[in-house]
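Subject: the structure I promised

Hi,

Here is the structure we talked about. Have a look at it first, and my notes follow below.

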Amino acid sequence: MELLNTQLSASERTAVDNAVNTYNKTLVHEGRKTSNELGKDDFLKLLITQLSNQDPTSPMEDTQFISQMAQFSSLEQMTNMSTSFSKMADFLNSQEAAGTLGKTVELDIGDTTVQGIVEGATRGENPQVMVNGMYYSMDKIKAIYAN
């Protein structure tokens, strides 16, 4: 079997490198998708790296360490709060959809208006209501009337 000896030009190498880098950014690494943003795991890795590579003759002061740990703790709590707020928003959206059950609604569907009784509702981040056998997003509701 004969191997061909081929060389890529500089522009071809750049194009290949760009294609590989673009593809690599779409991969999941250690259970999480790569991102340009730093998260709490990245912060902890940086802190551990900083501690393990510090100059033994001039170690990090306690106040610096405590400050960085407080920042880490704050970041973790903000992440937890964000998750909780997202769950609460989903619940409130679902409750709003459930509150329309049995009521007459007027839906704005682009250039036309649909009116009918809400027969069902879905739950979650973007709940929908069923009117006349069709599901519509809650943001399409123009008016709600008591029956």
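One cut-off before the rest: a residue is called exposed when its relative accessible area is over 50%, buried when that is under 20%, and partly exposed in between. Lysine 142 has 55% relative accessibility, so it counts as exposed. Please keep in mind that this is a predicted model.

Now the overall layout. The protein has three helices and seven strands, and along the sequence they come in the pattern α-β-β-α-α-β-β-β-β-β. Of its 147 residues, 16% count as buried. The accessible surface is about 11,600 Å², with 54% of that belonging to carbon and sulfur atoms. As for contacts between residues at least 6 apart in sequence, 43% of them join residues at least 24 apart.

Helix α3 covers residues 62–98. Does its length add up, or what should we expect of it? With 37 residues at 1.5 Å each, the helix should span 54 Å, and its end C-alpha atoms are indeed 54 Å apart, so the two agree. The buried residues of α3 are Gln68, Phe72, Ser94 and Ala97.

On to the sheet. Five strands make an open, antiparallel sheet, in the order β6-β5-β4-β3-β7. At the edges are β6 (134–137) and β7 (141–145), each of which pairs on one side only. From one strand to the next, the twist averages 45°.

I spent some time on β3, since there is plenty to follow there. Strand β3 (residues 104–109) pairs with β4 (residues 112–121) in the antiparallel sense, over six bridges. Across that pairing, aspartate 108 stands opposite threonine 113, and glutamate 106 stands opposite glutamine 115. The β3–β4 hairpin has two residues between its strands, and glycine 110 takes a positive phi near 65° there. Strand β3 is also joined to β7, by four bridges and again antiparallel; in this pairing valine 105 has isoleucine 144 as its bridge partner.

What makes up the largest nonpolar core? It has ten residues: Ala97, Val105, Leu107, Val114, Val118, Val129, Val131, Tyr136, Met138 and Ile141. Strands β3, β4 and β5 (128–131) are the elements that give two or more residues to this core. Ala97 is also on the list of buried residues in α3. Leucine 107, one of the core residues, touches Thr112, Thr113, Val114, Val131, Tyr136, Lys140, Ile141 and Lys142, leaving aside residues up to four places away in sequence.

Back to lysine 142, which sits in strand β7. Leaving out residues up to four places away in sequence, lysine 142 touches Glu106, Leu107 and Asp108. Its C-alpha atom is separated by 5.4 Å from that of glutamate 106, although the two residues are 36 apart along the chain.

One last residue to look at is asparagine 132, in the loop between β5 and β6. Most residues other than glycine have a negative phi. Asparagine 132 is not a glycine, yet its phi is positive, at about 55°. With 47% relative accessibility, this asparagine counts as partly exposed.

Shout if you want to go through any of this together.

Cheers

Notes:
Residues are numbered from 1 along each chain as its sequence is written. This is a predicted model: local features need pLDDT of at least 70, side-chain atom pairs count only at pLDDT 80 or more; totals for chains, interfaces and linings use all residues. Side-chain values use heavy atoms; hydrogens and water are left out. Two strands pair if DSSP finds at least two bridges between them. Axes are lines fitted to C-alpha atoms, for helices over the stretch in contact, and angles run from 0 to 180 degrees between N-to-C directions. The expected span of a helix is 1.5 Å times one less than its number of residues. Buried means under 20% relative accessible area, exposed over 50%, partly exposed in between (1.4 Å probe, protein chains only). Contact means heavy atoms within 4.5 Å. Accessible areas come from the Shrake-Rupley method with a 1.4 Å probe; for residues, only the protein chains shown count as cover. A nonpolar core is a set of buried Ala, Val, Leu, Ile, Met, Phe, Trp, Tyr and Cys residues joined through side-chain atoms within 4.5 Å.
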